[in-house]
Amino acid sequence: QIHLKEFGGGVVQPGGSLRLSCAASGIRVSLNDVAWYRQGPGSDREFIARVNKGGSEEYVDSVKGRFTLSRDNAGNVVYLQMNDLQPDDTSTYYCNLMTEISGLGVRAYWGQGTRVIVSS
């Protein structure tokens, strides 16, 4: 059975760092596109970063230079290193895995989310 689970959220002061983990079971992160989204209070869920199955990465401008993806293929984990966190980074962060099956379409899997609070 396919599952995703996020770890690593918490409370941090502005300028601090956290590393989030997305642990996958039943499906290989190395063979699929894995993305991070976040959703703040009263806001829509937004895309922030992705590593695709070929290893290419993309980041939205608001996190570029501060957040960095990495992928542990052997451990089947995708990490999101978050540096220089600011109060507007406060959100629940979600891991998303998208798998494409030729001729059938796209199937998306989501984790339960991990909460990040940036506050002095």
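Q: How many bridges pair strand 7 and strand 8, and do they run in the parallel or antiparallel sense?
A: Strand 7 and strand 8 (residues 77-82) pair over six bridges, in the antiparallel sense. Strands here are DSSP runs of E, at least two residues long, numbered from the N terminus, and two strands pair if DSSP finds at least two bridges between them. This is a predicted model, where local features need pLDDT of at least 70 and side-chain atom pairs count only at pLDDT 80 or more, while totals for chains, interfaces and linings use all residues. Residues are numbered from 1 along each chain as its sequence is written, and side-chain values use heavy atoms, with hydrogens and water left out.

Q: Ok, which residue in strand 8 is the bridge partner of threonine 68?
A: That's glutamine 81.

Q: What order do the strands take in that open sheet?
A: The order is 1-3-8-7, four strands with antiparallel pairing. Strand 1 (3-7) and strand 7 (67-72) are at the edges with a single partner strand each, so one side of each has no neighbour in the sheet. From one strand to the next, the twist averages 15° (axes are lines fitted to C-alpha atoms, and angles run from 0 to 180 degrees between N-to-C directions).

Q: Switching to strand 11: which of its side chains are buried?
A: Thr114, Val116 and Val118 point to one face and are buried, while Arg115 and Ile117 point to the other and are not. Buried means under 20% relative accessible area, exposed is over 50%, and partly exposed is in between (1.4 Å probe, protein chains only). In a regular strand, side chains alternate between the two faces of the sheet.

Q: And how does strand 2 run against strand 11, parallel or antiparallel?
A: Parallel, with three bridges joining strand 2 (residues 10-12) to strand 11. Valine 11 has isoleucine 117 as its bridge partner there. Strand 9 (residues 91-101) is also joined to strand 11 by three bridges, but that pair runs antiparallel.

Q: New topic: how many aromatic pairs are there?
A: Two, counting rings of Phe, Tyr and Trp (its six-membered ring) with centres within 6.5 Å; planes under 30 degrees apart are stacked, over 60 edge-to-face, and the rest tilted. Tyrosine 37 and phenylalanine 47 make an edge-to-face pair, 5.6 Å centre to centre with 75° between the planes.

Q: Which residues do the ring pairs link into a cluster?
A: Tyr37, Phe47 and Trp110. Arginine 45 lies over the face of tryptophan 110, at 4.9 Å from the ring centre. For a charge to sit over a ring, NZ of Lys or CZ of Arg must be within 6 Å of the ring centre and within 35 degrees of the ring normal.
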